[in-house]
Amino acid sequence: MRGDAIRFNASGQGLGPQAARPTLYTAEERKKRDSTRWTLVQGLLAPFQFLVFLVSLALVLRSLAWGEGAVAADISVVIKTLTLYAIMVTGSIWEKVVFGKWLFARAFFWEDVFSMLVIALHTTYLVMLLGNYGSFEQRMQIALAGYAAYVINAGQFLLKLRAARLEVAA
């Protein structure tokens, strides 16, 4: 092995040269983010959607476990889906204001990709419900798959929020 194959960074940053990560927001994007009302809307809708999710999840699991409350479970999934649609529409408006793109902006590309899966699963549930396709249990399985995808997607956004806060602190 050549002596220069591994270089120690004398500043204590580790081995080899460190690639600079692109910032989440440019200075202009950060100003837009902080000045638009859509940031507040997203900040209010996200925890509300999570609360709706928790209530709905409890109702869905109750209905599957004990065979009770099927109507309440269906209504709760519809409300969760409508809340998801609301946050997706307002989120795309937020992205347009901040990044100039309705969806798939550089900073939130993978979050938006996964959001499409979440929307597809929730919409599949609605199609099954309104079109009377499948059994109640099958609808609830789709709803639970949508909820699992939602949890992963929410985690993506929380990690992005943390990264934005760390970026400002640095």
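In this predicted model, Glu111 is buried, with a relative accessible area of 6%. The side chain of Glu111 meets that of Lys160 in a salt bridge, with 3.3 Å from N to O. Glu111 belongs to helix H4 and Lys160 to helix H5, so this pair ties together parts of the chain that are 49 residues apart in sequence. Side chains of opposite charge can pair when their charged atoms come close.

The salt bridge of Glu111 and Lys160 belongs to a set of 6 found in a search of the whole structure. Another joins Arg139 to Asp74, and here the closest N and O atoms are 2.7 Å apart. This pair links distant parts of the chain, with Arg139 in helix H5 (residues 136–169), Asp74 in helix H3, and their positions 65 residues apart. Both partners are buried: the relative accessible area is 9% for Arg139 and 10% for Asp74. Since burial requires a value under 20%, Arg139 at 9% meets the criterion, as does Asp74 at 10%.

A further salt bridge is formed by Glu29 and Arg106, whose closest N and O atoms lie 3.5 Å apart. Glu29 is located in helix H1 (residues 27–35), whereas Arg106 is located in the loop between H3 and helix H4 (109–131); the two are 77 residues apart, and the pair links distant parts of the chain. With a relative accessibility of 14%, Glu29 counts as buried.

Helix packing was examined for H2 and H3. Helix H2 spans residues 37–66 and helix H3 spans residues 70–99; they pack at an angle of about 160°, and their axes are 9 Å apart. Angles over 145 degrees count as roughly antiparallel, and H2 and H3 are therefore roughly antiparallel to each other. Their crossing is left-handed. The residues of the contact between H2 and H3 comprise 20 nonpolar, 9 polar and 1 charged.

Nonpolar side chains were also considered as a connected set. The largest nonpolar core contains 19 residues, of which Val77, Leu84, Tyr125 and Met140 touch the most other members. At least two residues of this core come from each of H2, H3, H4 and H5. The most is given by H5, which supplies 6 residues. Helix H5 thus appears both in this core and in two of the salt bridges described above, through Arg139 and Lys160.

Terms used:
Residues numbered from 1 in each chain as written. Predicted model: local features only at pLDDT ≥ 70, side-chain atom pairs only at ≥ 80, totals over all residues. Heavy atoms only, no water. Axes fitted to C-alpha atoms, helices over the stretch in contact; angles between N-to-C directions. Helix = DSSP H or I, 4+ residues; strand = E, 2+ residues; numbered from the N terminus. Parallel < 35°, antiparallel > 145°, perpendicular 65-115°, else oblique. Left-handed = near helix turned anticlockwise from the far one by under 90°. Nonpolar A, V, L, I, M, F, W, Y, C, P; charged D, E, K, R; others polar. Salt bridge = Lys/Arg side-chain N within 4 Å of Asp/Glu carboxyl O. Buried < 20%, exposed > 50% of the residue type's maximum accessible area, 1.4 Å probe, protein only. Core = buried A, V, L, I, M, F, W, Y, C linked by side-chain atoms within 4.5 Å.
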